[in-house]
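Good morning, and thank you for joining. I shall speak briefly about one structure, moving from charged pairs to aromatic rings and then to the interface.

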Amino acid sequence: MDSYVVEPQSLFVPYLSDVLARADMRVVRVAPTLDVDDIRATRPEALFVDTDFLDVDAADAVSAMRQALPRAFICAYTEGEGARADRLRFAGANCVISKRSGDAEVTRALRVAQDRAATAT
Amino acid sequence: MLGSIAPTTLSTAAKPVRVLVVEGQALFGKALCQVLASDTDIDVVGDADSVANAPLRRLRPDLIVLDLDGHHMEFAEAMRTCRELAPQAKVCVLSTHVQPEVMQRCLSAGADGYVVKDILPAELIRAVKAVAGGHNYVDPRVAGGVLKRRSNGFGRTAQNELSVRETEIIRLIARGMSNKEISSKLHLSEKTVKNHISRIFAKLNITARTQAAVHAIKTGLA
């Protein structure tokens, strides 16, 4: 699954790419900020976005990504839990992953969400 | 304190620097370990999700890379624990905050270095080596802010300065979060959050959350 990552912490990206690869998500592009036009032009199958560093509301950002790529698999990575995570799901995220999760937990969550998304389509 | 800040001063260590990574975000912690371990002058001896869970006495690190944002305890308390259990260790704080006042509070609490989390891998390694070599290291962007504030004559009395935790809470207030949401995010009880907010109000001489939010925005905290 070709994946687009929105993550400003460059030192995090190599390790994150390894973890995503374990869930069959191949990182094809990394952007430090949200650029919906670039996402639309890249047309990835999946989006992984660190929602805690965006300069816009996280749910609005997910909503914009969902509008740009209606069929893409969207994963929001966040410190937020509970109602904040629900807002991201409601905005169109297929998967919301807590930053406290470890490697195995992240991989498992991504696989489960991918299966669920595939079943739904 | 500014005189001791040496953003570009490096040292060459004769033996590998024993580094312990304390980072609340599991994946990010592993990423830090991976980056640091890629340098032959650095030996990553362990990682933990909090100071409370870090085997400081057993590992005897030369340097602790300490995440500012994911603590279950006050930063000053985390620093005290590090000093008590690993008195030999230097502490380099890793933070998402670029506000000079946050950095100043960390250094006042005893940190030897302060870097922002979007730092480049090579620069992080330089920072760790500098701090291990006995220098202070501050992210140049934050240090620049300190100099600017000083040249503008900006200053507050220490008793009116917000602590790191209070700064964190006022930022969340400015984001519109309720006490319950703040307590959940910071893993504190609602009562503790209320106490922090009372202290914030007293220090800033304000009476409402809206005023706190406005203060946070005006001073660049939010």
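A salt bridge, as the term is used in this talk, is a side-chain nitrogen of Lys or Arg within 4 Å of a carboxyl oxygen of Asp or Glu. Please keep in mind that the model is predicted.

Let me begin with a pair that fits this rule inside one helix. In chain B, the side chains of B:Arg165 and B:Glu168 meet in a salt bridge, with N to O at 2.9 Å. Both residues belong to helix α7 of chain B, residues 164-174, and because they are 3 residues apart there, about one helical turn separates them. Are these two partners buried or exposed? B:Arg165 counts as buried, at 3% relative accessibility, and B:Glu168 is buried as well, with a relative accessible area of 9%. The cut-off behind that word is a relative accessible area under 20%.

A second pair in chain B joins two separate elements. The side chains of B:Lys30 and B:Asp47 form a salt bridge of 3.4 Å, N to O. B:Lys30 lies in helix α1 of chain B, residues 26-37, while B:Asp47 lies in strand β2, residues 42-48, so the salt bridge ties together parts that are 17 residues apart in sequence. Here the side of the classification changes: B:Lys30 is partly exposed, with a relative accessible area of 34%, and B:Asp47 is partly exposed at 36%.

I turn now to chain A. The side chains of A:Asp52 and A:Lys99 meet in a salt bridge of 3.0 Å, N to O. What does this pair tie together? A:Asp52 sits in the loop between β3 (46-50) and α3 (58-68) of chain A, and A:Lys99 in the loop between β5 (95-98) and α5 (103-120), so the parts that are joined lie 47 residues apart in sequence. The two partners fall into separate classes of accessibility: A:Asp52 is partly exposed, with a relative accessible area of 22%, whereas A:Lys99 counts as buried at 1%. This pair also belongs to a network of salt bridges that links A:Asp50, A:Asp52 and A:Lys99. Over all chains, the structure holds 22 salt bridges.

A few words on chain B as a whole. Chain B has 10 helices and 6 strands. Of its 222 residues, buried residues make up 51%. If one takes the contacts in chain B between residues at least 6 apart in sequence, 70% join residues at least 24 apart. The chain exposes about 9,900 Å², and carbon and sulfur atoms supply 52% of that area.

Next, the aromatic rings. A pair of aromatic rings is described by the distance of the centres and the angle of the planes. Over all chains, the count comes to 3 aromatic pairs. In one of them, the rings of A:Phe12 and A:Tyr77 have their centres 5.9 Å apart and their planes at 20°, so the pair is stacked. The pair links distant parts of the chain: A:Phe12 is in the loop between β1 (2-6) and α1 (13-22) of chain A, and A:Tyr77 is in strand β4, residues 73-78, with their positions 65 residues apart in sequence. A:Phe12 counts as buried at 0% relative accessibility, and A:Tyr77 is buried with a relative accessible area of 1%. Which residues form the aromatic cluster? A:Phe12, A:Phe48, A:Tyr77 and B:Phe28 form one cluster, with members named from chain A and from chain B.

That brings me to the interface. Here 20 residues of chain A are in contact with 23 residues of chain B. The two chains bury about 1,900 Å² between them, 57% of it on carbon and sulfur atoms. A:Leu11, A:Tyr15 and A:Arg100 supply 39% of the area that chain A buries against chain B, more than any other three residues.

How many salt bridges cross this interface? The rule finds 1 salt bridge between chain A and chain B. The side chains of B:Lys185 and A:Glu79 meet in a salt bridge of 3.2 Å, N to O. There are also 3 residue pairs in polar contact across the interface. On the side of chain A that touches chain B, α1 and α5 of chain A each supply at least two residues. It is α1 of chain A that gives the most to that side, with 5 residues.

Thank you for your attention.

Conventions:
Residues numbered from 1 in each chain as written. Chains lettered and ligands numbered in written order. Predicted model: local features only at pLDDT ≥ 70, side-chain atom pairs only at ≥ 80, totals over all residues. Heavy atoms only, no water. Helix = DSSP H or I, 4+ residues; strand = E, 2+ residues; numbered from the N terminus. Buried < 20%, exposed > 50% of the residue type's maximum accessible area, 1.4 Å probe, protein only. Contact = heavy atoms within 4.5 Å. Areas by Shrake-Rupley, 256 points an atom, 1.4 Å probe, with all protein chains shown as cover. Phe/Tyr/Trp six-rings, centres within 6.5 Å; stacked < 30°, edge-to-face > 60°. Buried area = accessible area lost by both parts, 1.4 Å probe. Polar contact = N/O pair within 3.5 Å; in protein donor to acceptor, adjacent residues only side chain to side chain.
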